[in-house]
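Please consider the following model with its sequence at hand. The account below follows the sheet first and then the packing around it.

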Amino acid sequence: RRGIYAPPGMQTHDYLATAEDRIIRRVAEKWHRRPGLMIEPLDMRVRSIGRGHLGLWMGPPKSGKSLALIWTATSYLFHGLNVLFFTLEDPLPDVEDRFDACIAEMPIADLNIRGERFRQRFEQFRSRLRSQLRIVDGTDGSITISMIESIWERERDGGFPADAVIIDYDDEIRPQRKQSERRLEFADIYRDLRQFVARTQVIGWTAAQAQRRAEDERVISGKMIAEDISKIRKVTMAIGIGRGDWGENSRYLYIAAHRLDRQRTGMNIMTAPERGVFFDREPTVVRLLEERRNQREDVV
């Protein structure tokens, strides 16, 4: 009708004539849109999550959930993403030491006595980055998802637009309202968290406790999650951390759920908890090569 005009900024795009442009864009965006976790056996098997999605690490006590979240944060830094990390259980100095050990690949006990080596390795790490990490100490036990979003907005308005928000861990998040059962509170927490990452288009990660009966299990599936199994339905990707096949420091990572890729598949990795390293690449590669050699010998 006369008198109704389209805004000047709204232009049409010739979809059929721009296929090559889209191919180039997708290649450039491949890792930025859904950045890998820098755990090669995992990244080769499935693609991780991207903006607007929520990921979950889950496992029994002392299985390495916090190390997995720190590793996730560090991998995102290498991908050029700004990370806002919330520690809700462990004191800030402990979290900083784990990050330092992971980045410098040094035992936590050596950070103090080998300060110059740490300083050199840390500077090398920082010089390679285009991104930032900020840590929020929420160990006073009063934080809610709305407070997390408010902190994210405050940091964004102050010049730090976080691309990823990582929360260690879900049991320390306070619900907006008290419920008669803990599982109902978790339902509210995960609903709010999922809506937050979707609304702000950040990548979200947290961790959840598995039941105690899962302590010696290799495969940590969704049915083993503590308190509220509906957590699995509310996340895009859930990774279980179970007992590995290669000894004390090995872990079996099981894709318990994935809306966008393969699920119910797993792989062994080696860890180095004394160095704050969730994925120890060299011994993992050695073990994988040994397995393949043994498989070939069995076939012959």
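In which sense do strands E1 and E5 pair, and over how many bridges? In this predicted model, strand E1 (residues 54–59) and E5 pair in the parallel sense over 6 bridges. Within this pairing, Met-58 has Ala-208 of E5 as its bridge partner. Strand E5 itself spans residues 203–209, and 6 of its 7 residues are buried.

E5 also pairs with strand E4 (residues 164–168); the two run parallel and are joined by 4 bridges. Here the bridge partner of Ile-167 is Thr-206 in E5. Between E4 and E5 the chain passes through helix H8 (residues 182–200), and the resulting β-α-β crossover is right-handed.

These pairings belong to an open sheet of 8 strands, with mixed pairing and the order E3-E2-E4-E5-E1-E6-E7-E8. Its edges are formed by strand E3 (133–137) and E8, each of which pairs on one side only. On average, neighbouring strands of the sheet are turned by 20° against each other, direction ignored.

At the E3 edge, E2 and E3 run parallel and are joined by 5 bridges. One of the residues involved is Val-83, whose bridge partner in E3 is Leu-133. Helix H4 packs on the sheet and touches E2 and E3, its direction making about 155° with that of E3. Helix H3, in turn, lies across E1, E2, E3, E4, E5 and E6, and runs at about 170° to E5.

The packing can now be followed through the nonpolar cores. The largest of them has 40 residues, of which Ile-39, Trp-57, Tyr-76, Trp-205, Ile-239, Leu-253 and Phe-278 touch the most other members. Among the elements that give two or more residues to this core are helix H3 (65–78), strand E2 (83–87), helix H4 (92–104), E4 and E5, as well as strand E6 (237–243), strand E7 (250–258) and strand E8 (266–270). H3 gives the most to this core, with 8 residues.

Tyr-76 shows some of these contacts in detail. Leaving aside residues up to four places away in sequence, Tyr-76 touches Pro-35, Gly-36, Leu-37, Ser-48, Ile-49, Leu-81, Val-83, Ala-164, Ile-203 and Trp-205. A second core, separate from the largest one, has 37 residues, including Val-165, Ile-189, Tyr-252 and Ala-256.

Notes: Residues numbered from 1 in each chain as written. Predicted model: local features only at pLDDT ≥ 70, side-chain atom pairs only at ≥ 80, totals over all residues. Heavy atoms only, no water. Buried < 20%, exposed > 50% of the residue type's maximum accessible area, 1.4 Å probe, protein only. Pairing = 2+ DSSP bridges. Right-handed = clockwise from strand over helix to strand, strands pointing away. Core = buried A, V, L, I, M, F, W, Y, C linked by side-chain atoms within 4.5 Å. Contact = heavy atoms within 4.5 Å. Axes fitted to C-alpha atoms, helices over the stretch in contact; angles between N-to-C directions.
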